[in-house]
Amino acid sequence: MVLAIIPSCLSLSQKPSHSFGLPKKISFGEYERCVKRNCIKRPQIVPSRNYAEAAGLRVFIISDLHAEYSENMKWVKDLSNTRHKKDVLLVAGDVAETYHNFVLTMSLLTDKFEYVFYVPGNHDLWCRREAEDSLDSLDKLNNLLDACKRLGVQTSPMSIDSLGIIPLFSWYHESFDKEEDITEVFIPSLEMACKDFHTCKWPDELSNRDTSLALYFDAMNEKNKDLIKEIQGECSPIITFSHFLPRQELCPEKRMLFYPNLPKIIGSDFLEVRLRSIHGTEGSASACHVFGHTHFCWDSTLDGIRYVQAPLAYPRERKRRMNGGEDWLPYCIYSDGKFADKLMPCYWSEYYSINPRTPHNTQLAPWVSRFYKRR
């Protein structure tokens, strides 16, 4: 996810402490004092080592590799060549902006892991640096999927040792945002803020401004309906994964965001319907969905489904630990027949496990309001 106007100088968290709990009520004043003292830096997620001695199947997750950054490519290259030879890796989109870097990154990962699964993200379909053979973003998508076939990267559902893994194609739509807009300040348009509107190229019948793209990508999952039914009948647990968000509650409220209109370009209602058709409307303890895109580490359970994001994100974000740092990545979500314990300290999802969501409150948080002029 790239927003052209988001300042990179701030991180919205407290100092690391020995306690991973958040206070029952976190005041804006406290944050404002931290901003002035320049002491805000999110705590490092503590990497789980419970999987180290696992004898059975291990599944690791990662999103938003953004391998066009040399630091991120180095992170990929530095992953162990021996530790993960029997492991599964789920890559939840935004591998690289160019076809060359995408193929290089996925080649490295397939050398390190026994199985690599992938779903496309928005950056993967940018066309501003592509050769002429990628006429538009759908052409590029087909090129990436062809490359995945050659490399042995899985983009279709599969069962491995009674675990079901189901990649879900998706795209965002503006109407996904159901919460009250911020109107007290001027907020740049989506076209000004989001590079997708300029770097993705679509046929005339598809657009970011309506549901056509979200429906197109959701329909790509139809070809796997029979495979999914088989997995539902044979496997427990099941991990689904996508790049985009299936629920708005998986993103902080607008007043907390440097770009308050971010929820309009992050998720799909059709995706939530799709994964509920797989996991059940009430979910279960064996249901997990992995996502990416927003670069916030996240781990929460909503209506019976566990939702997890484990992003590598941009180097500057890792320095401020916006994504929880890098020592915990890739994250082992499943080993020896069970899911891992909840990520700790996972900043925003932990915040909302204690503080109620109040989308009717449109007063900008202090760290946001300082960057905007009132109308």
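In helix α3, the buried residues are N101, F102, T105, M106, L108, L109 and K112. They sit on the same side of α3, because the arc they cover around the axis is only 155 degrees. This is a predicted model, and besides α3 we'll look at strand β5, where 5 of the 5 residues are buried.

**Helix α3**

- α3 covers residues 99-112, so 14 residues in a helix that reaches 20 Å from first C-alpha to last, close to the 20 Å expected at 1.5 Å a residue.
- As a bit of background, an α-helix has 3.6 residues a turn, so residues three or four places apart point the same way.
- What do the buried residues of α3 pack against? Their partners are two helices, α2 (70-78) and α4 (137-151), plus two strands, β2 (88-91) and β3 (115-118).

**Strand β5 and its two faces**

- β5 takes in residues 163-167 and is mostly covered.
- In a regular strand, side chains alternate between the two faces of the sheet.
- Here L163, I165 and P167 point one way from β5, while G164 and I166 point the other way, and all are buried.

**Who pairs with β5**

- Strand β4 (residues 158-160) runs antiparallel to β5, with 3 bridges joining the two.
- Within that pairing, I160 stands opposite L163 of β5.
- The hairpin of β4 and β5 has 2 residues between the strands, and D161 takes a positive phi near 50 degrees there.
- Strand β6 (residues 238-241) runs parallel to β5, and 4 bridges join them.
- Which residue of β6 is the bridge partner of I166? That's T240.

Notes:
Residues are numbered from 1 along each chain as its sequence is written. This is a predicted model: local features need pLDDT of at least 70, side-chain atom pairs count only at pLDDT 80 or more; totals for chains, interfaces and linings use all residues. Side-chain values use heavy atoms; hydrogens and water are left out. Buried means under 20% relative accessible area, exposed over 50%, partly exposed in between (1.4 Å probe, protein chains only). Two strands pair if DSSP finds at least two bridges between them. The expected span of a helix is 1.5 Å times one less than its number of residues. The arc is that of the directions from the helix axis to the C-beta atoms. Contact means heavy atoms within 4.5 Å.
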